[in-house]
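The following exercises are to be worked through with the sequence and the three-dimensional structure at hand. Each task is followed by a solution in steps.

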Amino acid sequence: MIVSTLGLEEPWRSRLDRTAGGRPVRHCALAELTAEELEQTEILFTYGYDVTEKALAAMPALRWVHIGQSGMDKLPMAELARRGIRLTNSRGINAVAIAEYAMGMMLNVVRRSFVFYEQARAGVWDLETRLDEVCGKTLGIFGLGRVGRELAARAHAFGMQVLGVDLAPGTAPGVQAVYAPAQRLEVLARCDFVVICMPLTGETRHLFGEKELAAMKPTAWLMNVGRGPIVDEAALTRALEAGQLGGAALDVFETEPLPAGSPLWGMKNVYITPHIAGDHQASYMPRMMGVLCENLALYPAFERMENPVDPGRGF
């Protein structure tokens, strides 16, 4: 049996039913299934929030889980690996949107768009604010997956110098050089903008702490569109308060929603968005369903599926 807890609306639900090729599909929350139905569940389509060790224990026939987003840091990876349950996700479906978000933020910083917006609301004709351009600036992209590569292409087109840091060695179009995470301090010292696009794993948690922030230029901007815990938020707050950085554009946080008492809310050089860099765009559902249905049509040929995930590595 196939279970979808994605809360799909028409026509996506009908598309999934058709792709299932006669296999029974239940569209409901896991809590709505009987114990017998859970025991018969072979495939689970979910955003991942309901995948717990307890839920997995109730589904002994489960062979495949597909996550309808890219983030998977809440999943019980060790148990999935122990059970040999195949895992795929939807990484890449929001790569364009996130890359445009990061590019837009960099342009807003150099063009001081937010300053002029506030001045216009106050009725001020501002001829004093100085402007800049991204052309010639150095961008460090941490994570050269699909988001990082889309961002590199756009930054390169704007005349930026692009450096990459990635867990896997290699090259990427538009990226001048790719470094290992162990070389991050060297890269950070050269960058005017740093954009974090990495997944959250044991290797990347708090990858950006006091020494990394201290290595950055005092005029540099840090942008996080990966996962909040990759940045030590307390260390970032102290660095911003001390004037160690030019500013930060943050879409993800260690605790979400960002607590009302966080000092980040009141900082003029911090731009905050509520984890929407890769969400709320019209292309999300068509792309997500495209990956899901293409993989379902291939089942059980896991070796041919798109976006396989290694539970042992977390991505």
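**Exercise 1. The enclosed space**

Task: State the volume of the largest cavity, and determine which residues line it.

Solution. In this predicted model, the largest cavity has a volume of about 40 Å³. A search of the whole structure for cavities of 30 Å³ or more finds 1. Next, identify the lining: Asn224, Gly228, Val231, Glu233, Leu236, Leu250, Val252 and Phe253 surround the largest cavity. Finally, sort these residues by class: 5 are nonpolar, 2 are polar and 1 is charged.

**Exercise 2. An open pocket**

Task: Describe the volume of the second largest pocket and the make-up of its lining.

Solution. Begin with the volume: the second largest pocket holds about 290 Å³ of space. Its lining comprises 15 residues, and those nearest the centre are Val109, Val110, Arg112, Thr219 and Trp221. Then ask which element supplies the largest share of this lining. That element is helix 5, with 3 residues. By class, the lining of the second largest pocket contains 6 nonpolar, 4 polar and 5 charged residues.

**Exercise 3. The buried side of helix 7**

Task: Establish which residues of helix 7 are buried, how they are arranged around the axis, and what covers them.

Solution. First, define the element: helix 7 runs over residues 146-157, 12 residues in total, and its end-to-end C-alpha distance of 17 Å is close to the expected 16 Å. Second, apply the cut-off of under 20% relative accessible area for burial; Val147, Gly148, Leu151, Ala152 and Ala155 are the buried residues of helix 7. Because they cover an arc of only 130° around the axis, these residues lie on the same side of helix 7. Third, locate the cover: it includes helix 5 (95-111), strand 6 (138-142), strand 7 (161-165) and strand 9 (193-196). Lastly, inspect the region just after helix 7, where Gly159 adopts a positive phi of about 85°.

**Exercise 4. The packing of helix 11**

Task: List the buried residues of helix 11 and name the elements against which they pack.

Solution. Helix 11 consists of 15 residues, 284-298, and spans 22 Å from first to last C-alpha, close to the 21 Å expected. The buried residues of helix 11 are Tyr284, Met288, Met289, Gly290, Val291, Leu292, Cys293, Asn295 and Leu296. Their packing partners are helix 1 (12-19) together with strand 1 (2-4), strand 3 (43-46), strand 4 (64-67) and strand 5 (86-88).

Methods
Residues are numbered from 1 along each chain as its sequence is written. This is a predicted model: local features need pLDDT of at least 70, side-chain atom pairs count only at pLDDT 80 or more; totals for chains, interfaces and linings use all residues. Side-chain values use heavy atoms; hydrogens and water are left out. Helices (H or I, at least four residues) and strands (E, at least two) are DSSP runs, numbered from the N terminus. The expected span of a helix is 1.5 Å times one less than its number of residues. Buried means under 20% relative accessible area, exposed over 50%, partly exposed in between (1.4 Å probe, protein chains only). The arc is that of the directions from the helix axis to the C-beta atoms. Contact means heavy atoms within 4.5 Å. On a 1 Å grid over the protein atoms alone, a cavity is a set of points where a 1.4 Å probe fits but cannot get out, and a pocket is an open set with protein on both sides within 12 Å along at least five of seven lines; lining residues have an atom within 4 Å of a point. Grid points are joined across faces, edges and corners, and a volume is the space filled by probe spheres set on the points. Ala, Val, Leu, Ile, Met, Phe, Trp, Tyr, Cys and Pro count as nonpolar, Asp, Glu, Lys and Arg as charged, and the others, Gly among them, as polar.
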